[in-house]
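Visitor: I am new here and would like to know how the words used for a structure are earned. Could you show me the model and let me ask?

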Amino acid sequence: MSEPLTRSRSHQNLDLMPKEAQTVNVGESDGWLNIGQYSVFAWSVSGVESCIVIKSEDVHIVFDMGVAVPESVRGMNVFITHGHVDHIGAVANHVSKRGLNGMKPARYFVPPHLVDNLKSVTKAHYEMAETVEALENVKVLPFAEGDCVRLNSRFFVKTFPTVHRICSQGYIVYKEEKRLKEEYRGMEGFEVAALHREGREIHEVSITPEIAYTGDTVFDIFLNPPNPDLLKVKLLITEATFLDDEIGKNMVQKARDRGHTHLCEIAQNAELFEDVEHIVLVHFSNKYPPKYISDCIRDKLPLSLRNKVTPGTVAKATKATCQL
Ligand SMILES: [Zn+2]
Ligand SMILES: [Zn+2]
């Protein structure tokens, strides 16, 4: 993402990048957010279901599988943050939808302690359907801190611990680019080629933290980042489960007690996000309608943050809530 992001004056306006750079139409009809070179489909309601899909020309990544939204089906690499059912409950469904579409099985990366349970619950689904052989090439893989998963020659993913009611982890996507070393950039091509023939190392590798997804977490991970790149990414997708102030209740403490983040904590620590180019907030509580979320973001965030925050409310706009 070499071009700076075009800031939207209004958080209602989802069109966040220059027209010429757009690859996916933005609108309430399809629910994709265009952010720099990335298209983001942020389907997420707290306690109900979360599935975040990110695409660009080079990558197609899925974070969490609480529901196998159609937009996730082409995703070959799925990264799961923790074992709550709204984040992991639809793996068998994702496997099945890929199979129906003739796609080869995806890879599901999970915190290591979840591997056995996820394998057995997925197997149970396929045993019930008497098609357990369909799972033969499905890969449920442990992803521990320190591991690195390559998506392709230019992108790789690392994990970092988050703080939730249960063991959980987030992910950072890095872009690796080989470029000419600075000292050779003003030279003619034939001169550089000659140096290369002499055996001179003319390239250097630059690594950029591009995208971070936290999953469910308390705000502390931003105060003491387990990986400093968390606050340097171009696109941060994180949660703001709670937004409101209830008279007589400390809602920030309530959010913390439940292992979540309150929007006020983000607002009060706006300076931490100075280097982050764009933030997509997700996982809002089931009780908030989309307009209330937009209003809170407009009213509670300082201008420096408001201009770079977009709420991921596509699930709410299509009423994927469980209020009866
Ligand atoms: Zn959740
Ligand atoms: Zn959770």
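Visitor: Why is the site of the zinc ion (ligand 1) called irregular?

Guide: In this predicted model, the angles among its four donor atoms run from 88 to 160°. Four donors count as tetrahedral if all angles lie between 85 and 135 degrees; four count as square planar and six as octahedral if opposite donors are over 155 degrees apart and all others between 65 and 115; anything else is irregular. The site of the zinc ion (ligand 1) is therefore given the label irregular. Along the chain its donors follow the spacing D-H-x128-D-x66-H.

Visitor: What makes an atom a donor of the zinc ion (ligand 1)?

Guide: Donors are N, O and S atoms within 2.8 Å of the metal (3.2 Å for Na, K and Ca); water is not among the atoms, so sites may look incomplete. Asp86 (OD), His87 (NE2), Asp216 (OD) and His283 (NE2) coordinate the zinc ion (ligand 1) at 2.1 to 2.4 Å, so they meet that cut-off.

Before we go on, a word on the conventions. Residues are numbered from 1 along each chain as its sequence is written, while chains are lettered from A and ligands numbered from 1 in the order in which they are written. As this is a predicted model, local features need pLDDT of at least 70 and side-chain atom pairs count only at pLDDT 80 or more, whereas totals for chains, interfaces and linings use all residues; side-chain values use heavy atoms, with hydrogens and water left out.

Visitor: Which residues are the protein donors of the zinc ion (ligand 2)?

Guide: They are His82 (NE2), His84 (ND1), His164 (NE2) and Asp216 (OD), at 2.2 to 2.3 Å from the ion. Asp216 bridges the zinc ion (ligand 2) and the zinc ion (ligand 1), which lie 3.5 Å apart. The site of the zinc ion (ligand 2) is irregular too, with angles of 91 to 165° among its four donor atoms. The donor residues are spaced H-x1-H-x79-H-x51-D in sequence. The pair of His164, in the loop between β9 and β10 (168-180), and Asp216, in the loop between β11 and α5, links distant parts of the chain, 52 residues apart. Helices (H or I, at least four residues) and strands (E, at least two) are DSSP runs, numbered from the N terminus.

Visitor: How do you know that His164 counts as buried?

Guide: Buried means under 20% relative accessible area, exposed over 50%, partly exposed in between (1.4 Å probe, protein chains only). His164 has 11% relative accessibility, so it counts as buried. Asp216 is buried as well, because its relative accessible area is 3%.

Visitor: Why is Arg154 called partly exposed?

Guide: Its relative accessible area is 28%, so Arg154 falls between the two limits. Arg154 lies in the loop between β8 (148-150) and β9 (155-162).

Visitor: What makes the link between the side chains of Arg154 and Asp58 a polar contact?

Guide: A polar contact is a pair of N or O atoms within 3.5 Å; within protein, one must be able to donate a hydrogen and the other to accept it, and residues adjacent in sequence count only if both atoms are side-chain atoms. The side chains of Arg154 and Asp58 are joined at 3.1 Å, so the distance fits. The two residues are 96 residues apart in sequence and 8.1 Å apart in space, C-alpha to C-alpha.

Visitor: What does the side chain of Asn34 make a polar contact with?

Guide: The side chain of Ser39, at 3.0 Å. Asn34 lies in strand β1 (residues 33-35) and is buried, because its relative accessible area is 0%.

Visitor: Why is β13 described as largely enclosed by the rest of the structure?

Guide: Five of the five residues of β13 are buried, so that description follows. His278, Val280 and Val282 point one way from the strand, and Ile279 and Leu281 the other way. The side chain of His278 reaches the backbone oxygen of Lys308 at 3.2 Å.

Visitor: How do you know that β12 (residues 235-239) and β13 pair?

Guide: Two strands pair if DSSP finds at least two bridges between them. β12 and β13 have five bridges, in the parallel sense, so they pass. Glu239 has Val282 as its bridge partner in β13. Three bridges join β13 to strand β14 (residues 309-311), also running parallel, and Leu281 stands opposite Pro311 in β14.
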